[in-house]
Amino acid sequence: MARSSSATKDPSRQRLLLHTTPKHLLPKLMSAHLSQELKSKYERRSLPLRVGDTVKILRGEYRGIQGRVKGVSRSKQFVYIDGLTRKRADGRVVDIPVHVSNLVIIALNLDDKFRKEKLGEG
């Protein structure tokens, strides 16, 4: 009996699955954990990130920085945060990408009625 391709532990196969994931499944992969307060309020562990959410960086060089999400790259699983920029050698200022697994959501953007309904807010 053949094994499912998603049941492998091989890192190269796991990376291949991430890069060949269908577009309609990518938002689910862009989920970040909720802070303790939000976790107890909404009784959920994680939610997909959206532009306007406020996040805190937990890992890496920029640990401890908080800011609003200003862009999301679903294909690369990166998030761009307001105020997190770098000056390049040619003088351009570019946004620094942060992987979604290194973030925690500390405030939600509830402008979308569908997101409110999913959380039981309205």
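In this predicted model, confidence (pLDDT, the predictor's score for each residue, from 0 to 100) is lowest in helix H2 (residues 26-29), with a mean of 86, and highest in strand S3 (residues 54-57), at 97. The chain as a whole has a mean pLDDT of 90, and 94% of its residues reach 70 or more. Where pLDDT is low, predicted coordinates should not be read in detail. Local features were accepted only at pLDDT of at least 70 and side-chain atom pairs only at 80 or more, whereas totals for chains, interfaces and linings use all residues. Residues are numbered from 1 along each chain as its sequence is written, and side-chain values use heavy atoms, with hydrogens and water left out.

The chain contains four helices and seven strands, taken as DSSP runs numbered from the N terminus (helices H or I, at least four residues; strands E, at least two). Their order along the sequence is α-α-β-α-β-β-β-β-β-β-α. The C-alpha trace spans about 50 × 50 × 25 Å along its principal axes. Of the contacts (heavy atoms within 4.5 Å) with a separation of 6 or more, 44% are between residues 24 or more positions apart.

Of the 122 residues, 28% count as buried, that is, under 20% relative accessible area with a 1.4 Å probe and protein chains only. The largest nonpolar core (buried Ala, Val, Leu, Ile, Met, Phe, Trp, Tyr and Cys joined through side-chain atoms within 4.5 Å) has 21 residues, of which Leu49, Val55, Val79, Ile81, Leu103, Ile105 and Leu108 touch the most other members. At least two core residues come from each of S1, H3, S3, S5 (78-87), S6 (93-99) and S7 (103-107); S5 gives the largest share, three residues. Beyond its neighbours within four places in sequence, Leu103 contacts Ala32, His33, Leu49, Val55, Lys56, Ile57, Leu58, Val79, Ile81 and Val98.

Ser35 occupies the loop between strand S1 (31-34) and helix H3 (36-42). Ser35 is classed as buried because its relative accessibility is 9%. With neighbours within four places in sequence set aside, Ser35 contacts Val104, Ile105 and Ile106.

The largest pocket (an open set of points on a 1 Å grid over the protein atoms alone, with protein on both sides within 12 Å along at least five of seven lines) has a volume of about 150 Å³, the space filled by probe spheres set on the points. Strand S2 (46-48) and helix H4 (113-119) are the elements giving two or more residues to its lining, and H4 provides the largest share, three residues. The lining residues (an atom within 4 Å of a point) are Pro27, Leu47, Pro48, Leu49, Arg50, Arg74, Phe114, Arg115 and Lys118.

Definitions and conventions. 1 Å grid on protein atoms, 1.4 Å probe; cavity = no way out; pocket = protein on both sides within 12 Å on 5 of 7 lines; lining within 4 Å. Buried < 20%, exposed > 50% of the residue type's maximum accessible area, 1.4 Å probe, protein only.
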